[in-house]
Every structure is written in C-alpha cells, then in structure tokens.
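Open the model in your viewer and keep the sequence panel beside it. This tour goes one selection at a time.

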Amino acid sequence: MKPVNGPPPPIPIVAATEEVALYEIRKKIYPRVVHGWFATWRWSLIFATQLVFYGLPWLTWNGRQAVLFDLGARKFYIFGLVFWPQDVIYLTVLLILAALSLFLFTTVAGRLWCGYACPQTVYTEIFTWIERKIEGDRLARIRLDAAPLTLEKFVIKALKHSAWFAVALWTGYTFVGYFSPIRQFGIDAITWRLGPWEAFWMLFYGFATWGNAGFMREQVCKYMCPYARFQSVMFDKDTLVITYDRPRGEPRGSRRKGVVPRELGLGDCVDCNVCVQVCPTGIDIRNGLQYECIGCAACIDGCNQVMDKMGYAPGLIRYTTQNALARGYDSRTMWRRVFRVRTLVYSAVLLALIAITALSLATRNPLKVDILRDRGALAREAAPGVIENVYRMQIMNTDETPRRFTVEASGVPGLAVQGVEQPVSLGAAQSRMFAVRLTAPSPEDDTDEQKPRGQDDERRANTRNIEFTIRAVDDDKVVRHEKSTFIFPR
Amino acid sequence: MSDFTSGFWSVYVALLTIVSIAACGVLLYVMGKMRVKKPPQAASADTTGHVWDEDLSEYNNPLPRWWMWLFYITIAFGFLYLALYPGLGSLPGLLGWTSAGAYANERKAFDAETAPLYAKYLAMDAKDVAKDPAAQAMGERLFLNNCAQCHGSDAGGAFGIPNLRDQDWLYGGEPDKIKESITNGRNGIMPPFGASLGPDGVSNVVNYVRSLSSLPADPLKVQLGKPLFMANCSPCHGQDGKGNQALGAPNLTDQIWLYSGSASIVTETVTNGRGAAGAAVSRMPSHQDMDPAKIQLLTAYVWGLSNRGAAAK
C-alpha cells in the first residue's frame with residue numbers, strides 16, 4: 001500500500017509491527033458520526049437515490065406499472081417506452097453511456113460514485129445510522145461489543161437486527177417489484193401465495209442487503225469491487241483527490257488551544273485521529289491516497305470541525321490535485337484545469353452519444369416486420385400462367401395501441417398479395433405470424449411444346465427482387481419496406 | 001455408458017479430481033498456519049522475498065479470513081456435488097442424474113399436461129375437431145412444423161406436392177382418407193410411356209389431355225391422341241379422365257395440376273412417368289411414429305382448410 005502523493009513521511013516510531021495470520025481476522029470498524037458539507041451532500045444523495053429506487057415501482061402509466069422489466073413476456077417498460085428484445089442495442093448504449101460518464105466524473109474528482117451513489121455505501125450508511133440509533137455512538141458500540149452477553153445486550157442486538165431485517169426485506173421486495181408487478185406481488189406475499197422463485201429472489205436480495213450492509217461493509221470495497229482496483233487508471237495529475245496537506249500539518253502533535261503552532265515547531269495537525277475514526281474503510285488519509293479510500297470525504301468534514309474548534313483555517317484535509325500541490329497552483333488555476341483535453345473529449349463524446357440516442361428513441365418505428373420466404377415450396381403454378389410464392393410474415397406492433405396494417409408488394413409486373421385478410425389488425429404490443437402468398441403472371445409461353453425440362457440448359461429459374469410494404473392504415477409514417485425475392489420456376 | 005476403451009481412464013480422472021480438490025484444502029490449511037508481519041499502515045508490508053528484474057518484488061499482505069472460509073465451503077460443496085452428480089470418471093453419482101433422464105422427465109411432464117387435451121380431441125370426430133378454434137390453432141402450429149416444408153406455409157403445395165386447400169383430392173378428401181395419407185404416406189407412381197408411344201404418340205396424348213382441361217391444343221393431335229389415351233391412360237385415369245382415388249391417379253379434366261399443366265411439363269410426365277426411378281417426384285413420407293392425437297389434429301386442420309364453410313372458421 002504505497003502512498004501516492006509526496007515522499008514517504010517520517011515514520012512515527014510508535015506501533016511495533018505485529019504478526020497476524022495470513023488469513024487475518026478482520027477488525028470491525030466503528031465509524032464515528034460526522035457532520036459537515038460533504039456529509040450533507042452524501043445524505044441528500046442517499047435520500048434522492050432511495051426515493052427513486054423505492055418509489056419508481058409504485059408509479060403507474062397507461063394502466064400498467066410505469067417501470068417494469070417483464071422478463072416472462074420479454075418486454076421492458078420505462079414509462080412511455082416499451083423495449084422489445086430487438087431493442088437490446090439501447091441497453092448496450094446505456095451501458096456505454098454509464099461507462100463514459102463514470103470515466104468523466106472520475107477523472108474530474110475521483111471516486112464520486114463510491115462515496116455518494118454506490119448502493120454498497122448507501123446501504124452501509126443507512127444500516128450504520130440504524131446501528132447508531134439503537135446501539136449508541138462509537139464508544140458505546142465498542143463497549144457493547146466487548147461486553148459479555150447479557151439480556152440487555154441480547155435485546156439491543158435483536159432490535160438492531162430486526163430493524164435491519166425489515167429494511168432488507170423491503171429492499172428485496174422492491175427489487176423484485178421491478179420484475180413482477182409490485183402491488184400484486186405484495187398482496188401475494190402477505191397472503192402466502194408467492195411462487196417459489198419470487199419468494200426466493202426476494203429473500204435472496206434481502207439476505208444480500210442484510211449481509212453486505214450489516215456485516216461485509218468495507219470488505220466489499222476492499223476485496224470484491226473491481227472499481228477500487230482500476231481507479232488509478234482513470235485518475236491523472238489534475239484529478240481532484242482527498243489529500244492531507246502534509247507540509248501544513250507536519251510535524252503533528254497535540255497542543256493547547258490558543259497556542260500558535262509554529263512557535264512550538266508544530267504543524268496544524270493536532271493528531272486527534274478524528275480522520276481515522278470517521279473513516280468507513282478504516283484507513284489513515286494522512287498516509288496519502290490509498291486504494292481503500294472510497295472518497296466519502298468524512299475525514300474532510302471531521303478535520304474541518306476540529307480545525308474550527310481550534311481556530312485554525314479549514315482545509316488541512318481537502319480536495320486538491322497532484323499538480324496543484326507540486327506546482328503550487330492557486331485555487332482558480334486548479335479549478336480551471338478541470339476543463340482539460342481529457343475531460344472535454346469525454347464530455348463531447350458523451351453529449352454526442354446522448355443526443356444520438358435521444359433522437360433514435362424519439363423516431364423509433366413501432367412497426368417491426370420479418371419476412372421469411374418458403375424454402376421447401378419455392379414456387380408453384382397456381383393456375384396455368386400464374387406463379388405463386390409463399391412467405392411467412394411476422395408483424396410486430398410494438399406500440400401500446402392497436403393498429404391495422406395493409407400489406408403490399410411490388411417488383412414484378414402484376415404482383416398481387418393473397419391469402420391474408422386486409423387490413424391486418426394487431427392488438428396493443430402484439431405480434432402475429434401468418435402465411436401469405438404472392439401471385440404473378442408467368443412470362444412463359446404456355447402453348448409452346450418444347451423438349452422436356454432438364455434437357456435445355458438455357459431455361460433456368462428466374463429470381464426477381466421484390467419489396468414488401470407494410471403500412472399502418474391510420475398513419476402513413478408508420479411503414480416498413482422489406483426486401484425479398486420472387487422465383488419463377490423453369 | 002463410458003466411451004473409453006479401458007476402465008483405467010475413469011479411475012484416473014476420478015483420482016486426479018479428488019486429489020486436486022483435497023490438495024487445495026491442504027494448501028489452504030497450511031497457509032492458514034502461516035504468520036506474516038502486518039505493519040501499521042505507514043511502512044511497507046512484508047514482501048514474498050522473490051525479486052524479479054532487479055527490483056520488482058511482491059507484497060505479502062494478509063487475506064481476509066472470510067475469504068478462507070468461503071474457499072473451505074466451496075471445497076465441501078465440491079465434494080458433495082461430486083458425490084451426488086456424475087463427475088468422477090464414469091461414476092453415476094448418488095442421485096442417478098443423466099441429461100437423457102432430465103430430458104425424459106421434461107417430456108413426461110409435458111406429455112402429462114397435454115394428455116387430457118389430446119385425449120379429448122382424439123375421442124371427437126375429426127369434423128367436430130375442425131370446428132374448435134383452439135384445436136385448429138394447434139393444428140396450424142403442427143402443420144407449420146411438420147408439413148409446411150413440402151406443402152408450403154399456406155398449404156398450397158409445390159411442384160409435385162398437392163395443394164391442400166382445394167377440393168381436388170388424389171386419394172380422397174374425407175377425414176379417414178386424409179388420416180391414412182398422413183399416417184402411412186403416399187407414393188404415387190405413374191409408369192413412363194415415352195418408349196411405348198414414341199415422340200409423336202406422346203405429343204398426341206399430351207394435346208388430348210390438355211384438351212380435357214380446355215387448354216389450348218392442336219385439334220388434329222387431339223383426335224389422334226384420344227384412342228392412344230383410351231388404350232394407355234384410361235386404366236388408371238378412367239375413360240372420362242376423371243382419375244381414380246383408389247390408385248391416386250389425378251383428375252385430368254380440371255385446372256389443378258400436380259406437376260404443371262404446361263405442354264412441356266405434361267410431355268415430361270408422360271414420357272418419363274412419375275415415381276419411377278430417375279423421374280423427379282415427391283413422396284409423401286409416413287408418420288407412423290407421430291402421436292395419434294397429433295395426426296388427428298392435423299387431419300382436422302387439413303380437412304378444415306378445404307371445408308371452410310363447414311368448419312367454424
């Protein structure tokens with residue numbers, strides 16, 4: 001865990017090196033509560049994200065759930081948009097947009113996702129808050145865990161786990177509610193009529209929430225999450241990172257309030273260890289940026305509080321960049337560097353992609369058509385001088401309103417569509433497959449007695465390119481042209 | 001059911017698997033006993049001691065204990081799985097699972113679901129089945145899967161393959177005859193007459209046959225062809241040319257042609273015959289292995305295609 005910024009610090013000869021097993025038993029972290037500008041932002045985002053997560057499945061649209069991923073019927077509903085399996089390209093685009101935006105804000109200000117939006121962080125915060133309310137502040141929690149098991153301890157722990165369990169179960173219920181209409185799912189759950197898989201997934205996600213937010217916490221960030229490991233690829237020397245201002249803070253040491261630290265040969269750091277106590281991953285930011293740091297800025301808030309009490313200027317731990325430290329930028333210059341080539345390029349690509357996607361979604365054609373021509377019965381003589389070809393036509397009306405369509409074909413003189421009642425009507429979000437035939441007058445001369453087939457090389461089958469046009473009756477703009485072929489046998 | 005020629009390989013695979021998994025467990029245990037220096041966060045941790053490329057070394061930071069327990073659980077699960085399911089060579093596993101058996105179970109479950117439905121339709125008369133929209137939908141799907149490759153997705157037939165939507169039947173259009181065609185197949189054979197009639201004789205017969213359907217024909221050749229037809233063709237096609245459903249000989253007086261009514265094709269038919277070796281023809285395959293209920297549904301569907309008025313559609 002080499003420090004990232006600055007030369008190695010003078011190592012305080014305090015703690016001796018300890019020996020642990022290779023598979024070390026984890027020491028539980030008891031994060032101290034912190035208030036401040038960043039903490040306020042974090043909690044605002046917790047409220048915002050959870051309002052969206054828990055609230056969205058309850059909204060309705062067009063008589064159905066507004067956001068529903070109906071895996072069984074293979075339709076994804078997002079308000080007015082219906083996505084069919086054929087629209088999976090939009091999922092690809094969504095993932096690309098997510099990745100690009102991640103690259104953008106990570107290169108600007110580091111692990112903003114981790115500290116403010118990641119469900120692991122969010123649920124850990126919620127569960128820690130519950131723990132704090134039931135078990136007490138940091139010292140109380142440490143004492144409680146060290147105490148032997150008494151009735152009081154059991155009751156407190158039971159209360160805490162019940163509260164956790166309730167939140168976890170509701171989370172699992174909400175998650176499954178995105179895939180199975182949430183109201184009916186809730187009724188089924190209460191009346192014990194859940195299907196085995198629905199029940200399983202609700203309990204599974206509930207268990208995962210309870211386990212990850214209640215127990216695993218920083219272990220996910222430290223050992224499981226790949227983002228922690230490749231963050232360094234996304235940072236550059238102008239990325240804003242949480243930094244301890246070593247020249248200002250060192251040498252650290254406690255002193256009385258009111259004393260001028262320089263006179264004592266001390267830096268601003270009073271060695272209160274608040275920055276270590278509030279850290280949810282248990283690191284000491286004074287050692288420099290480490291991969292465990294999730295960018296929650298609790299240490300900034302904590303230190304600023306102490307600085308405030310001591311009457312010093314805030315910002316001993318603050319967001320700054322490697323370049324700003326090395327080259328002594330002032331604040332304005334540092335912030336101007338946010339608009340460098342890398343971020344501008346990311347932004348441009350992101351905006352362009354968003355614009356293209358929005359345009360594509362706005363002009364989506366609700367009609368999808370697939371035409372497969374018969375291969376066994378390639379062509380037939382329906383009547384003397386009339387040739388028929390058969391096709392299987394699949395028409396999909398992806399709109400949520402019923403529509404009627406006319407089917408026409410062109411490309412061969414006299415081509416006519418038979419075998420289907422026109423106009424074809426389809427219900428809302430319905431797909432139909434039916435056989436259709438095309439007839440065309442045969443160009444072959446009927447009365448000509450020629451040698452039997454097979455003895456004349458020049459008479460080969462004639463394949464013509466044709467085009468089907470399927471058009472909505474009430475909307476000329478909803479139209480599809482599908483190419484196919486018409487075969488005249490010889 | 002081993003494909004190996006010797007039992008040695010099964011033992012070899014099983015032994016290797018067990019030893020490998022056990023070795024993982026042993027390695028885990030031994031490593032668990034190891035102790036490493038964990039410094040306070042300031043200094044660098046222990047390195048493994050190896051040095052590559054002059055100055056490249058590797059930290060030996062401790063792993064979390066829960067990871068070790070997960071690994072042990074995985075090993076235990078691995079042993080349990082191999083005991084229950086096939087994996088150790090050709091040992092079948094305590095649960096006796098096979099992929100063929102899994103498929104058979106799925107089929108059984110599916111058949112159990114469809115059995116009452118099938119039984120209901122099998123007991124009905126085919127003409128009544130044709131009135132049932134659900135049965136007709138099933139029949140359509142069965143048709144598209146089994147029959148449409150030759151007869152066309154619209155059941156209109158192809159060169160040498162009958163149109164099932166018309167009223168013209170080679171072997172009879174009643175449900176029992178349709179069922180017979182599906183179950184046993186059909187193999188229509190027409191002998192060749194090219195050698196016996198000669199090119200002129202063939203030409204005369206062809207013109208006569210076309211005249212039966214009121215198609216353009218040379219009047220003189222029609223006259224010459226009639227006695228030839230009566231001598232050679234009427235035993236199967238009938239004196240009036242209306243065909244013989246017992247033999248599958250088509251009706252030559254209508255506008256419906258199995259192989260095309262153009263002069264050149266009829267000439268080919270008469271010259272080379274149909275069904276004899278070398279002449280292009282399609283045979284209707286038999287479906288004796290098909291579930292009788294499916295045959296019943298197909299019969300009803302096919303009958304319904306030609307009897308739209310009588311069927312509910």
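**Stop 1: chain B as a whole**

Select chain B. Its radius of gyration is 37 Å, whereas a compact globule of 313 residues would have one near 20 Å. Keep in mind that this is a predicted model. Turn chain B along its principal axes: the C-alpha atoms fill a box of roughly 115 × 55 × 45 Å.

Now switch to a cartoon view. Chain B shows twelve helices and four strands. Colour by burial next. Of the 313 residues in chain B, 27% are buried. Contacts come after that. Take those in chain B with a separation of 6 or more: 62% of them join residues 24 or more positions apart.

**Stop 2: helix H7 of chain B**

Select residues 175–184 of chain B, which form helix H7. Which residues of this helix are buried? They are B:Pro175, B:Ile178, B:Ser181 and B:Ile182. Look down the axis of H7(B): the buried residues fall within an arc of 120°, so they line one face of the helix.

What do the buried residues of H7(B) pack against? Add residues 126–129 and 292–306 of chain B to the selection. These are helix H4 and helix H12, and the buried residues of H7(B) pack against both. Then step past the end of the helix. B:Gly185 follows H7(B) and has a positive phi, near 80°.

**Stop 3: the domains of chain A**

Move to chain A. Colour residues 37–83 and 118–234 as domain 1, then 367–443 and 459–488 as domain 2, following the domain assignment. Place a distance between the C-alpha centres of domain 1 and domain 2 of chain A: they lie 51 Å apart.

**Stop 4: strand S12 of chain A and its partners**

Select residues 386–397 of chain A, strand S12. Visit its partners in turn.

- Strand S10 (residues 367–373) of chain A pairs with S12(A) in the antiparallel sense over seven bridges. One bridge to find is that of A:Leu367 with A:Asn397 in S12(A).
- Strand S11 (residues 380–383) of chain A runs antiparallel to S12(A), with three bridges between them. Here A:Glu381 has A:Ile387 as its bridge partner in S12(A). Two residues lie between the strands of this hairpin, in which A:Gly385 takes a positive phi near 85°.
- Strand S16 (residues 430–441) of chain A is joined to S12(A) by twelve bridges, again antiparallel. Show side chains for A:Met393 and A:Phe434: A:Met393 stands opposite A:Phe434 in S16(A).

Notes
Residues numbered from 1 in each chain as written. Chains lettered and ligands numbered in written order. Predicted model: local features only at pLDDT ≥ 70, side-chain atom pairs only at ≥ 80, totals over all residues. Buried ≥ 20, exposed ≤ 12 C-beta atoms within 10 Å, placed from the backbone. Arc of directions from axis to C-beta. Contact = placed C-beta atoms within 7 Å. Rg over C-alpha atoms; globule rule 2.2 N^0.38 Å. Domains from an automatic or database assignment. Pairing = 2+ DSSP bridges.
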